[in-house]
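Here is a friendly walk through one protein chain, from its overall build down to single residues. Have the structure open beside you as you read.

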Amino acid sequence: MLSELRIADLGVIGEATIEPGPGFTAVTGETGAGKTMIVTGLALLAGAKADPRLVRTGAARALVEGRWEVADRADQLAELGAEVEDGEVLVTRQLGANRSRMSVGGAQVPLSTGAALVGEWVTVHGQSEQLRLGTPERQLEVLDRYAGAALAAELDAYRADYVARRTASAELTELTTRSQERARELDLLRFGLDEIAKVDPQPGEDAALAAEARRLQAVDDLRQASHAALVALAGEEDAFDATDALSLVGAARKALGPAVDADPELAPIADELAGAAAGLADVASALASYASGLDADPLRLEWIAGRRAELAHLTRKYGESVDDVLAWAQDAASRVTRLDAGEDRIAELQGVVADLDGRLAAAAGRITTLRRAAASELAGLVAGELKALAMPKARLEFELTQGELGPHGADQVSLLFSANPGSAPGPLGKVASGGELSRVRLALEVVLATEASGETFVFDEVDAGVGGAVALEIGRRLARLAERCQVIVVTHLAQVAAFADRHYVVAKSDDGSVTTSGVRLVTDTDRLDVLATMMGGLESSDSALAHARELLASVRG
């Protein structure tokens, strides 16, 4: 429920605050005073398109704030980062010259998010909504809303199958229309896999062959270097007077041997020399073994060159290294498997689509049956409401025709209307006048509100073009709607305003350059004066006040 609405610099309203409270709140005022800005402000909070021209002349921006009681929606609001204080949340909409911003509970949100949220709390019936009632989409929405939970359950299951059918159909279409592309891709992949299979590269083979080629090409240099190092370590067999590392270490060990007995501190050093000697001996042995294995092999070098050329051919086409080539081959083989399975997948998808088509057709039939029953019942109830609204001969019919299966079933809905018994029903948006459309909207909302509670309904000029007894019936039905929901009505008729639990008046003032409007709550004598003026009398007229007092007494009785 809306507990407070504050408007600043919107249209002709400089600053205004209303506190609707539960039940029926009426907003009245002379023509041009700006009372419709109340509806505009609520529509902006519900996500209506921002128009920079709505910003009051001389102001930099317009501001609309709505405070809602949302104790049962705290978790939903917490997901948006909104703060809820004392079971209430503040929704704000700012309009500037170039941009519009919306926040919920202090958290700025995208307009679409805010509109979806507030749209669940408030329904605004202005002139644009009356026009929207003339569209097939809105008429279907109204009918489905009345049909209730049974239809909603059928639609949920239907839409799940509809989405599944659309997904399967899209994949099937892609597979069948891309058959030539698939065949070309398969040929290319298989050609590449055959090339790689013929060469049969091994992981890391290119790096290993490159290293072996470098060794074979430098075999003479490697032999000379290893020999020189071996001589330095172990000497040459024929050079008895040459100095080598092993001999020198042996001499050092021999020199320290007797001294160890005299000073035990030399023992660790002697041990290190022994280890060094053993290490040098191992290195010398390894060098000797390495040198003996260094043989020039021109045939092996020639084979390696040929093998590297084969691998290079693959790496030019399929990757920078042999490992990359093997990774490409693995991916290509998986892709070939998927493409080869295309025909099987096509047959599978054809079966899925056929099964879903059958299920959708059956569900669409059940949905149509539920809609036809709801349409007949709703039309009868609305006709009863229209009769009380001085339209005793009015007829309202929901015409359902079958079309292609869509997200809402196969039904196409047209709301037909006839105000007089001698005229055939025609499309509501074309044959109904503004006043008739307003009363149809009200009649529908009164009927649809049977199961609603807690929602806020806003009506702008719902009584346009009527008066007298009809206005009283409009007021009575708005009051009945207000028993279950919060109702805010902008009206120019005293017969409607008299039913309100709260009555606000929008009044304008002019300082000679700028016209500004304000809003005030009227009660008791002030309200009698306002109602008397609205009924065409003078505020100070005893007869006008008597009529106003009589009107209030009659609606409260």
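What follows moves from the whole chain to its salt bridges, and then to one loop residue.

**The chain as a whole**

Please keep in mind that this is a predicted model. The protein chain has 20 helices and 15 strands. Its radius of gyration is 46 Å, while the globule rule gives 24 Å for 557 residues, so the chain is more spread out than a compact globule. You can see this in the box filled by the C-alpha atoms, which is roughly 150 × 70 × 45 Å along the principal axes.

How much of the chain is buried? Of the 557 residues, 41% count as buried. The chain exposes about 28,900 Å², and 52% of that area is supplied by carbon and sulfur atoms. As for contacts between residues at least 6 apart in sequence, 69% of them join residues at least 24 apart.

The charges are worth a look too. The chain carries 55 positive and 85 negative charges, and the mean positions of the two groups are 11 Å apart.

**Salt bridges**

The structure holds 24 salt bridges. Three of them are set out here, each with its distance between N and O.

| Salt bridge | N to O distance |
|---|---|
| Glu4 and Arg67 | 3.9 Å |
| Arg359 and Asp161 | 2.9 Å |
| Asp411 and Arg371 | 2.8 Å |

Let us begin with Glu4 and Arg67, whose side chains meet in a salt bridge. Glu4 belongs to strand β1 (residues 2-10) and Arg67 to strand β4 (residues 62-69), so this pair ties together parts that are 63 residues apart in sequence. Glu4 counts as partly exposed, with a relative accessibility of 24%. Arg67 also counts as partly exposed, at 27%.

Next comes the salt bridge between the side chains of Arg359 and Asp161. The pair links distant parts of the chain, with Arg359 in helix α14 (residues 342-388) and Asp161 in helix α6 (residues 149-177), 198 residues apart. Are these two partners buried or exposed? Arg359 is partly exposed at 42% relative accessibility, whereas Asp161 has 15% and counts as buried, because the cut-off for buried is under 20%.

Helix α14 appears again in the pair formed by Asp411 and Arg371. Their closest N and O atoms are 2.8 Å apart. Asp411 sits in strand β10 (residues 409-418) and Arg371 in helix α14, and the two residues are 40 apart in sequence. Both Asp411 and Arg371 are buried.

Salt bridges can also share partners. In this way Glu385, Glu473, Arg476, Arg477 and Arg480 are joined into one network.

**A loop residue after helix α14**

Where does Ala394 lie? Ala394 is found in the loop between α14 and β9 (395-406). With a relative accessibility of 6%, Ala394 counts as buried.

Which residues does Ala394 touch, leaving aside its neighbours within four places in sequence? Ala394 is in contact with Ala383, Leu386, Phe417, Ser418 and Ala419. Of these contacts, Ala383 and Leu386 fall within the residue range of helix α14, while Phe417 and Ser418 fall within that of strand β10.

For a sense of scale, compare Ala394 with Arg345. These residues are 49 apart in sequence, and their C-alpha atoms are 57 Å apart in space.

How values were computed
Residues numbered from 1 in each chain as written. Predicted model: local features only at pLDDT ≥ 70, side-chain atom pairs only at ≥ 80, totals over all residues. Heavy atoms only, no water. Helix = DSSP H or I, 4+ residues; strand = E, 2+ residues; numbered from the N terminus. Rg over C-alpha atoms; globule rule 2.2 N^0.38 Å. Buried < 20%, exposed > 50% of the residue type's maximum accessible area, 1.4 Å probe, protein only. Contact = heavy atoms within 4.5 Å. Areas by Shrake-Rupley, 256 points an atom, 1.4 Å probe, with all protein chains shown as cover. Lys, Arg positive; Asp, Glu negative; His and termini not counted. Charge placed at Lys NZ, Arg CZ, Asp CG, Glu CD. Salt bridge = Lys/Arg side-chain N within 4 Å of Asp/Glu carboxyl O.
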